[in-house]
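Reader: I would like to go through this structure by question and answer. Please give the cut-off for each term when it comes up.

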Amino acid sequence: AAILASHYKPEFIVNVKETGKIIMVDYTDLKNLKTVEIEAERFLHDGGFDSTRRYFITAANARGKLVVIDTKESKLVAITETGGQTPHPGRGANFVHPTFGPVWATSHLGDESVALIGTDPEKHAEHAWKIVDSFPALGGGSLFIKTHPNSKHLYVDAPLNPEASVSGAVAVFKIDDMKPDVDPEPVTLPIGEWAGIAEGQPRVVQPEFNKEGTEVWFSV
């Protein structure tokens with residue numbers, strides 16, 4: 001369900017979905033592979049690195065949990081419940097929260113929530129690998145969440161939502177306005193409407209930034 005390359009050593013990180021195992025594959029010698037097997041949580045799916053690229057955060061989506069792997073040490077760090085239903089982060093979204101410091105965000109397939117997990121065990125140890133905040137986006141059915149180091153906004157899609165007005169739109173949150181215990185108010189971008197889709201249910205999915213972070217693109 002997910003394969004990544006470590007930034008610390010010649011290893012692939014492989015999610016073996018239903019088994020709940022993460023395999024660290026040393027590819028130094030392709031004819032004699034060495035592996036480390038990490039017992040994590042069943043139904044592993046997608047995920048991505050934290051901002052330092054040391055920690056791999058992946059969703060065990062049918063379990064409602066996030067698994068954190070230290071790719072430098074090839075060890076399990078934490079398994080944390082998101083509080084939402086069926087997390088589906090894509091690669092997730094890293095940004096610096098005004099209160100909690102560096103966080104990684106996931107949206108959910110099964111409900112409207114966005115969950116933030118703290119990712120800085122050195123300067124914000126009290127928040128590390130804990131869900132520090134959760135707030136609603138437009139609705140359930142989200143597949144991807146995205147921001148960029150040069151952007152001050154967080155984008156959340158919902159292409160599998162049954163309501164056309166939701167599946168054809170994207171929620172945009174202003175990061176600087178995020179506060180503890182206060183749900184941020186998103187701006188709704190009706191991209192399906194702007195694209196002129198007149199027939200069928202519009203589905204807007206997977207925000208991706210250009211290299212500079214000045215533009216964000218969607219599949220419609």
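Reader: Which residues form one aromatic cluster together with Tyr155?

Author: The model is predicted, so local features need pLDDT of at least 70 and side-chain atom pairs count only at pLDDT 80 or more, while totals for chains, interfaces and linings use all residues. Residues are numbered from 1 along each chain as its sequence is written, and side-chain values use heavy atoms, with hydrogens and water left out. Rings of Phe, Tyr and Trp (its six-membered ring) pair if their centres lie within 6.5 Å; planes under 30 degrees apart count as stacked, over 60 as edge-to-face and the rest as tilted. The cluster with Tyr155 is completed by Phe209 and Phe218.

Reader: How many aromatic pairs are there, and what is the angle between the planes of Tyr55 and Trp129?

Author: A search of the whole structure gives 6 aromatic pairs. Tyr55 and Trp129 form a tilted pair, 4.8 Å centre to centre, with their planes at 55°.

Reader: How many residues apart are Tyr55 and Trp129?

Author: Strands are DSSP runs of E with at least two residues, numbered from the N terminus. Tyr55 is in strand 6 (residues 55-60), and Trp129 is in the loop between strand 11 (113-118) and strand 12 (131-136). The pair links distant parts of the chain, and the separation is 74 residues.

Reader: Is Leu109 buried, partly exposed or exposed?

Author: Buried means under 20% relative accessible area, exposed over 50%, and partly exposed in between (1.4 Å probe, protein chains only). Leu109 lies in the loop between strand 10 and strand 11. Its relative accessible area is 28%, so Leu109 is partly exposed.

Reader: How many residues does the largest nonpolar core have?

Author: A nonpolar core is a set of buried Ala, Val, Leu, Ile, Met, Phe, Trp, Tyr and Cys residues joined through side-chain atoms within 4.5 Å. In the largest one, the residues with the most contacts inside it include Phe95, Val114 and Val156. Elements that give two or more residues to this core include strand 9 (93-97) and strand 14 (153-156). The number of residues in the largest core is 17.

Reader: Which residues outside its near sequence does Val156 contact, Phe173 among them?

Author: Contact means heavy atoms within 4.5 Å. Neighbours within four places in sequence are left aside. The contacts of Val156 are then Ser107, Val114, Ala137, Ser142, Phe144, Ile145, Val170, Ala171 and Phe173.

Definitions and conventions. Helix = DSSP H or I, 4+ residues; strand = E, 2+ residues; numbered from the N terminus.
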